[in-house]
Amino acid sequence: SCDDTFLVSSYIDWDPYYQLIINSTIAGIRIPEEYCGGFAEGSVKLTALNEKAGVVPTGAAEMVEGAINALKSGEFDVFDTDSFTVNGQKVTTYLANVNDDAAFTGDTEVIIDGAFAESEFRAAPYFDLIIDGIIVPQS
């Protein structure tokens, strides 16, 4: 079972978003249409390491804590374009369809300072950018 194999899981904590909604309403400020919180905002959290499974390597807790701190400080970006390739090439430009149209035409550059700004301009994933090593089932 999964309980015997997973190392850690992420989850969403909705409290920061609810606080934003409540505080915006009280202040009479428009609630943002697009919101994406991460570790720094307290919207993304991790479960405790699964010591039960016996799969946690020595030093894992420290490595996870270091990664979280680097994400919070902005030192590390999981979408750094140096960390992945598409069709064997580094991604240096990508036009996302932010201003919807029927043809889903790319209209907004989302590679900013060497990182893929995945949720900067819209709260929706980009399923057409297939990172090398990702296996996509064929129907």
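A salt bridge is here a side-chain nitrogen of Lys or Arg within 4 Å of a carboxyl oxygen of Asp or Glu. The model is predicted, so local features need pLDDT of at least 70 and side-chain atom pairs count only at pLDDT 80 or more, while totals for chains, interfaces and linings use all residues. Residues are numbered from 1 along each chain as its sequence is written, and side-chain values use heavy atoms, with hydrogens and water left out.

**Salt bridges**

The rule yields 3 salt bridges, listed below.

| Basic residue | Acidic residue | Closest N to O distance |
|---|---|---|
| Lys45 | Asp13 | 2.8 Å |
| Arg30 | Glu33 | 2.3 Å |
| Lys90 | Asp82 | 2.8 Å |

The pair of Lys45 and Asp13 ties together parts that are 32 residues apart in sequence, because Lys45 lies in strand β2 (residues 44-46) and Asp13 in the loop between β1 (10-12) and α1. Helices (H or I, at least four residues) and strands (E, at least two) are DSSP runs, numbered from the N terminus. Burial is graded by relative accessible area: buried means under 20%, exposed over 50%, and partly exposed in between, with a 1.4 Å probe and protein chains only. On this scale Asp13 is buried, at 16%, whereas Lys45 is partly exposed, at 31%. In the second pair, both Arg30 and Glu33 are exposed. In the third, Lys90 is partly exposed with a relative accessible area of 45%, and Asp82 is exposed at 60%.

**Nonpolar surface patch**

Ile12, Trp14, Tyr18, Ile22 and Ile26 make a nonpolar surface patch of about 590 Å². Patches are made of residues with over 30% relative accessible area and no salt bridge; nonpolar side chains (Val, Leu, Ile, Met, Phe, Trp, Tyr) are joined within 5 Å, and like charges within 9 Å. The areas come from the Shrake-Rupley method with a 1.4 Å probe, and for residues only the protein chains shown count as cover. Helix α1 (residues 15-27) supplies the largest share of the patch, 3 residues. Ile22 is placed in this helix.

**Helix α2**

Helix α2 (residues 60-73) has 14 residues and reaches 20 Å from its first C-alpha to its last, close to the 20 Å expected at 1.5 Å a residue. The expected span is 1.5 Å times one less than the number of residues. Ala60, Ile68 and Ala70 are the buried residues of α2. Seen down the helix axis, these buried residues fall within an arc of 160°, so they line one face of α2; the arc is that of the directions from the helix axis to the C-beta atoms. An α-helix has 3.6 residues a turn, so residues three or four places apart point the same way. The face of α2 turned away from the buried side carries the exposed residues Glu62, Glu65 and Ser73. Strand β2 is included in what covers the buried residues of α2, where contact means heavy atoms within 4.5 Å.

Lys72 also belongs to α2 and is partly exposed, with a relative accessible area of 46%. Not counting residues up to four places away in sequence, Lys72 touches Phe39 and Ala40. Lys72 and Phe39 are 33 residues apart in sequence, yet their C-alpha atoms are 5.7 Å apart. Just after α2, Gly74 takes a positive phi of about 90°.

**Loops and the segment after β6**

Phe104 is found in the loop between β3 (95-96) and β4 (108-109). Although Phe104 is not a glycine, its phi is positive, at about 55°, and the residue is exposed, with a relative accessible area of 61%. Asn97 is found in the loop between β3 and β4, but is buried, at 9% relative accessibility. Leaving out residues up to four places away in sequence, Asn97 touches Phe104, Thr105, Gly106, Asp107 and Arg122.

Asp113 is placed in the loop between β5 (111-112) and β6. Asp113 has a positive phi of about 50° although it is not a glycine, and counts as exposed at 81% relative accessibility.

Glu118 is found in the segment after β6 (115-116). Apart from its neighbours within four places in sequence, Glu118 is in contact with Phe79, Ala124, Pro125 and Tyr126. The C-alpha atoms of Glu118 and Phe79 are separated by 7.5 Å, with the two residues 39 apart along the chain.
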